[in-house]
Amino acid sequence: MYPREPLYLQVRLRCVELCDSLFQRSHVFRSLLVRHLEFFLSLVVGQADSPLPAPTSRHRELQRAGLVAVREWHSNFGPAYRRLQLGYTALEARVDWGQLCLKTDPGLVRRREQEERREEARRRRVEKAREEVRKVEEE
């Protein structure tokens with residue numbers, strides 16, 4: 001249906017910028033892009049069956065640019081385009097809008113795990129200190 005040849009990430013990033021510019025200016029382009037929003041998001045955000053192309057160091061930059069564009073489109077044109085609203089709603093389950101990245105982003109998952117470990121270590125230290133205070137009070 002659509003060509004699945006891998007485009008270099010740099011080219012995709014420039015295409016997102018171009019799409020954003022055209023989306024802001026053209027009703028016809030908005031209609032066409034909204035009709036194929038799922039395909040656009042798969043090229044920009046990535047999916048399990050079609051990962052983003054190299055270089056991997058810039059994946060987050062492409063995802064961020066695409067997510068910023070979609071969020072802006074939704075805020076400016078969401079009520080007029082039902083498919084855009086549905087696509088945005090579907091993205092809400094997969095995207096951390098505060099960090100502008102996927103919830104399954106390895107860096108984000110790693111940071112959450114580190115924070116959970118630190119919190120658990122802090123809880124253990126507090127509990128240990130409380131036990132020591134109880135022992136001292138008993139004596």
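User: Why is Val68 called partly exposed?

Analyst: Its relative accessible area is 32%. Buried would need under 20%, and exposed would need over 50%. The value of 32% falls in between, so Val68 is partly exposed. Keep in mind that this is a predicted model. Val68 sits in helix H4.

User: What separates the C-alpha atoms of Val68 and Cys101?

Analyst: A distance of 9.9 Å separates them. Along the chain, Val68 and Cys101 are 33 residues apart. Glu61 of helix H4 can be set beside Cys101 too. Glu61 and Cys101 are 40 residues apart in sequence, with 9.3 Å from C-alpha to C-alpha.

User: Why does Glu61 count as partly exposed?

Analyst: Its relative accessibility is 37%. Partly exposed covers the range between the 20% and 50% cut-offs. Glu61 has 37%, so the term fits.

User: What makes Gln63 count as buried?

Analyst: Gln63 has 10% relative accessibility. Buried means under 20%, so Gln63 qualifies. This residue belongs to helix H4, residues 59-77.

User: Which residues is Gln63 in contact with, leaving aside its neighbours within four places in sequence?

Analyst: They are Val44, Val45, Leu52 and Leu102. Contact here requires heavy atoms within 4.5 Å.

User: Why does Ser42 count as buried?

Analyst: Ser42 shows 4% relative accessibility. The cut-off is under 20%, so Ser42 is buried. Ser42 is part of helix H3. A polar atom of its side chain lies 2.7 Å from the backbone oxygen of Phe39.

User: How do you know that H3 is largely enclosed by the rest of the structure?

Analyst: Count the buried residues: seven of the eight in H3 are buried, so the rest of the structure largely encloses this helix. They are Leu37, Phe39, Phe40, Leu41, Ser42, Leu43 and Val44. These buried residues pack against H1, H2, H4 and H5. Just after H3, Gly46 takes a positive phi of about 95°.

User: What puts the buried residues of H2 on the same side of the helix?

Analyst: The buried residues in H2 (residues 27-35) are Arg30, Leu33 and Val34. They cover an arc of only 100° around the axis, so they lie on the same side of H2. In an α-helix, residues three or four places apart point the same way, because a turn takes 3.6 residues.

User: What do those buried residues of H2 pack against?

Analyst: They pack against helices H1 (9-25), H3 (37-44), H4 and H5 (82-92). At the start of H2, a side-chain oxygen of Ser26 comes within 3.4 Å of the backbone nitrogen of Val28.

User: How many residues does the largest nonpolar core have, and which have the most contacts inside it?

Analyst: The core has 27 residues. Phe40, Trp73 and Leu84 have the most contacts inside it. H1, H2, H3, H4 and H5 are the elements that give two or more residues to this core. The largest share comes from H4, with six residues.

User: Which residues is Trp73 in contact with, leaving aside its neighbours within four places in sequence?

Analyst: Trp73 touches Cys19, Asp20, Phe23, Gln24, Leu33, Phe40, Gly78 and Leu84. Phe40 and Leu84 share with Trp73 the rank of residues with the most contacts inside the core.

User: What pattern does the protein chain follow along the sequence?

Analyst: The pattern is α-α-α-α-α-β-β-α. That order holds six helices and two strands.

User: What share of the 139 residues in the protein chain is buried?

Analyst: Buried residues make up 32% of them. The accessible surface of the chain is about 9700 Å², and carbon and sulfur atoms account for 54% of that surface. Among contacts between residues at least 6 apart in sequence, 58% join residues at least 24 apart.

User: Which elements have the lowest and the highest mean pLDDT?

Analyst: Strand E2, residues 101-102, has the lowest at 72. H2 has the highest at 96. The protein chain averages 85, and 88% of the residues score at least 70.

Technical notes: Residues numbered from 1 in each chain as written. Predicted model: local features only at pLDDT ≥ 70, side-chain atom pairs only at ≥ 80, totals over all residues. Heavy atoms only, no water. Helix = DSSP H or I, 4+ residues; strand = E, 2+ residues; numbered from the N terminus. Buried < 20%, exposed > 50% of the residue type's maximum accessible area, 1.4 Å probe, protein only. Arc of directions from axis to C-beta. Polar contact = N/O pair within 3.5 Å; in protein donor to acceptor, adjacent residues only side chain to side chain. Core = buried A, V, L, I, M, F, W, Y, C linked by side-chain atoms within 4.5 Å. Areas by Shrake-Rupley, 256 points an atom, 1.4 Å probe, with all protein chains shown as cover. pLDDT = per-residue confidence, 0-100.
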